[in-house]
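Here is a note for a colleague who is opening this entry for the first time. Please keep the sequence and the model side by side while going through the numbered points.

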Amino acid sequence: ICKDAEEDGDSPFHNTRVVELEERMGYGFALKHALYHEVSTPYVCVIQHDRTFMRTTPMDDVVRAMLNKRNGDIKYVGIN
């Protein structure tokens, strides 16, 4: 999906990249690697393969709350 999306600017995955690590690191260390070496944006949405969004999720509201100066201490949002 990600490879095909590189050429399709309308795809929600058009700015997505799959990184294959040289060795198995486990989820936590693989995520840490991505955050330190692959990401340059101020926010990251991590969606694990077994925790999908089943309903409409107010991501605009989540990011707005994180941007709000009064809520500057929000570092992580878990969505159930």
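What volume does the largest pocket have?

1. The largest pocket has a volume of about 2300 Å³, and 46 residues line it, of which L31, V44, C45, V46 and I47 are the closest to its centre. Please bear in mind while reading this and every later value that the model is a predicted one.

2. As for the helices around this pocket, α2 and α3 each supply at least two residues of its lining. The most comes from α2, which contributes six residues to the lining of the largest pocket.

3. The overall fold can be described briefly, since the chain holds three helices and zero strands, and reading along the sequence gives the pattern α-α-α. Among the contacts between residues at least 6 apart in sequence, 14% join residues that are at least 24 apart.

4. Turning to burial, the chain has 80 residues, and 8% of them count as buried. The area that the chain exposes comes to about 7800 Å², with carbon and sulfur atoms supplying 51% of it.

5. Which residues form a nonpolar patch on the surface? The patch is made of Y27, L35, Y36, V39, V44 and V46, which together have about 570 Å² of accessible area. Two of these residues, V44 and V46, are also listed among those closest to the centre of the largest pocket. Another patch member, V39, sits in the loop between α2 (26–37) and α3 (59–67). Does V39 count as buried or partly exposed? Its relative accessibility is 31%, and because buried means under 20% and exposed means over 50%, V39 counts as partly exposed.

6. The salt-bridge count comes to one, and the pair concerned is D61 with R64, whose closest N and O atoms are 2.8 Å apart. How are the two partners placed along the chain? Both belong to helix α3, where D61 and R64 are three residues apart and therefore separated by about one helical turn.

7. The partners of this salt bridge may also be looked at for their accessibility. D61 is partly exposed, with a relative accessible area of 46%, whereas R64, with a relative accessible area of 51%, is exposed. The two residues fall into separate classes because the cut-off for exposed is over 50%, a value that the 51% of R64 passes and the 46% of D61 does not reach.

Terms used
Residues are numbered from 1 along each chain as its sequence is written. This is a predicted model: local features need pLDDT of at least 70, side-chain atom pairs count only at pLDDT 80 or more; totals for chains, interfaces and linings use all residues. Side-chain values use heavy atoms; hydrogens and water are left out. Helices (H or I, at least four residues) and strands (E, at least two) are DSSP runs, numbered from the N terminus. Buried means under 20% relative accessible area, exposed over 50%, partly exposed in between (1.4 Å probe, protein chains only). Contact means heavy atoms within 4.5 Å. Accessible areas come from the Shrake-Rupley method with a 1.4 Å probe; for residues, only the protein chains shown count as cover. Patches are made of residues with over 30% relative accessible area and no salt bridge: like charges are joined within 9 Å, nonpolar side chains (Val, Leu, Ile, Met, Phe, Trp, Tyr) within 5 Å. A salt bridge is a side-chain nitrogen of Lys or Arg within 4 Å of a carboxyl oxygen of Asp or Glu. On a 1 Å grid over the protein atoms alone, a cavity is a set of points where a 1.4 Å probe fits but cannot get out, and a pocket is an open set with protein on both sides within 12 Å along at least five of seven lines; lining residues have an atom within 4 Å of a point. Grid points are joined across faces, edges and corners, and a volume is the space filled by probe spheres set on the points.
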